[in-house]
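Here are some notes on the model you sent, set out as numbered points. They begin with the whole chain and end with a single residue.

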Amino acid sequence: MEHDRDEPPLPTPRGPLSSGVEAYLRGAGRLPRREGIDRAQVYGDDLQLALYLCYELHYRGFAGVAPEREWDPDLLRTRAALEQRFLSALRTDARVHDSVAEALRGLLVEPVHGTGVTHFLRDEGELWQVREYAALRSLYHLKEADPHAWVLPRLWGRAKAGMAAVEFDEWGGGRADRVHARLFADLMTDLGLDTRYGRYLDAATAEALVTVNLMSLFGLHRALRGALVGHFATVEITSSPGSRRLAQAMRRTGAGSAAEHFYDEHVEADAVHEQVVRHDVIGGLLEQEPYLAPDVVFGIDATGFVEDRFGARLLGDWRASRSSLCAPVSRESTHIS
């Protein structure tokens, strides 16, 4: 089929839930039952991959899967059950701050002695670890800004204008060669990684899948628009210092000029974005809908929670001198179109 050319293949299932969803997408099986969803580990590979499969139909889909599956009523019911487990767990596990002001202060303060992934890569990471990090982050960066765009029709006034301004920058300011997803593909090329969309889905850990699923969860639900804004704020506010460390890591490990440029670009751009997000997007949203403040806090806290889990998985594996990927990554040279 013509529409299959740029769509990624379906990944290898990781359990009964993802097997059931994938079989249904192929037209060769039944969707998983609710009791199976209720028994599954909420942050585990099987449930998170099943949810990712459902969400990806709203992006580029999969090769061999009919576009009509995006709004299939039975599949949407299954997705809703998966989402209910995920959202309920997050509301229990990711409660940290009591107010937007407190949550934002937490994002703005950089620890004197940081111990996260960007600190590790800057100070002692090896090139193979930089490549693994890029492969895992490609699930987001090759669709950078897209999940956040779903909130635009749900905002108005100052919040909408601020959000659109930042998104416009993320999409290259109208220049295809400046789109951040394009810049990340260039980074991947420097690292000898395959830049095809979805190429490293089979290699992604459950912790990596959770970080991408969180954005899709928030973006696809109008009722969670406040949480999506909180997620967006967390990404933009923390990006500049983290990108500075990653740019230093790219230079130290000899990753390449395009790899350095991607993070250099984010140091400058996201320092400006942070001001717009705090004052215009969050400020404008809460001026119009003050009752969404708890949702903004939830979005900030949930983002921190899933990113901390992702970082702990990476650092635990790397400090034990083992790969953090579910499948090996060989050197490639394919560009995205």
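1. In this predicted model, buried residues account for 55% of the 337 residues in the protein. The accessible surface amounts to about 14,500 Å², and carbon and sulfur atoms contribute 51% of that surface.

2. The secondary structure consists of 14 helices, with zero strands, and the pattern along the sequence accordingly reads α-α-α-α-α-α-α-α-α-α-α-α-α-α. The radius of gyration is 19 Å, close to the 20 Å that the globule rule gives for 337 residues, so the protein is as compact as a globular protein of that length. Taken along the principal axes, the box filled by the C-alpha atoms is roughly 50 × 50 × 40 Å.

3. Among contacts in the protein with a separation of 6 or more, 81% are made by residues 24 or more positions apart.

4. As for charge, the protein carries 39 positive and 50 negative charges, and the mean positions of these two sets lie 3 Å apart.

5. Ser324 deserves a separate look, and it is found in the segment after helix H14, which spans 293–319. Is Ser324 buried or exposed? Its relative accessible area is 0%, and Ser324 therefore counts as buried, the cut-off being under 20%.

6. The side chain of Ser324 is joined to the side chain of Asp317 by a polar contact of 2.9 Å. When neighbours within four places in sequence are left aside, the residues in contact with Ser324 are Glu132, Leu136, Thr205, Arg313, Leu314, Asp317 and Trp318, so that Asp317 appears both in this list and in the polar contact.

Technical notes. Residues numbered from 1 in each chain as written. Predicted model: local features only at pLDDT ≥ 70, side-chain atom pairs only at ≥ 80, totals over all residues. Heavy atoms only, no water. Helix = DSSP H or I, 4+ residues; strand = E, 2+ residues; numbered from the N terminus. Rg over C-alpha atoms; globule rule 2.2 N^0.38 Å. Buried < 20%, exposed > 50% of the residue type's maximum accessible area, 1.4 Å probe, protein only. Contact = heavy atoms within 4.5 Å. Areas by Shrake-Rupley, 256 points an atom, 1.4 Å probe, with all protein chains shown as cover. Lys, Arg positive; Asp, Glu negative; His and termini not counted. Charge placed at Lys NZ, Arg CZ, Asp CG, Glu CD. Polar contact = N/O pair within 3.5 Å; in protein donor to acceptor, adjacent residues only side chain to side chain.
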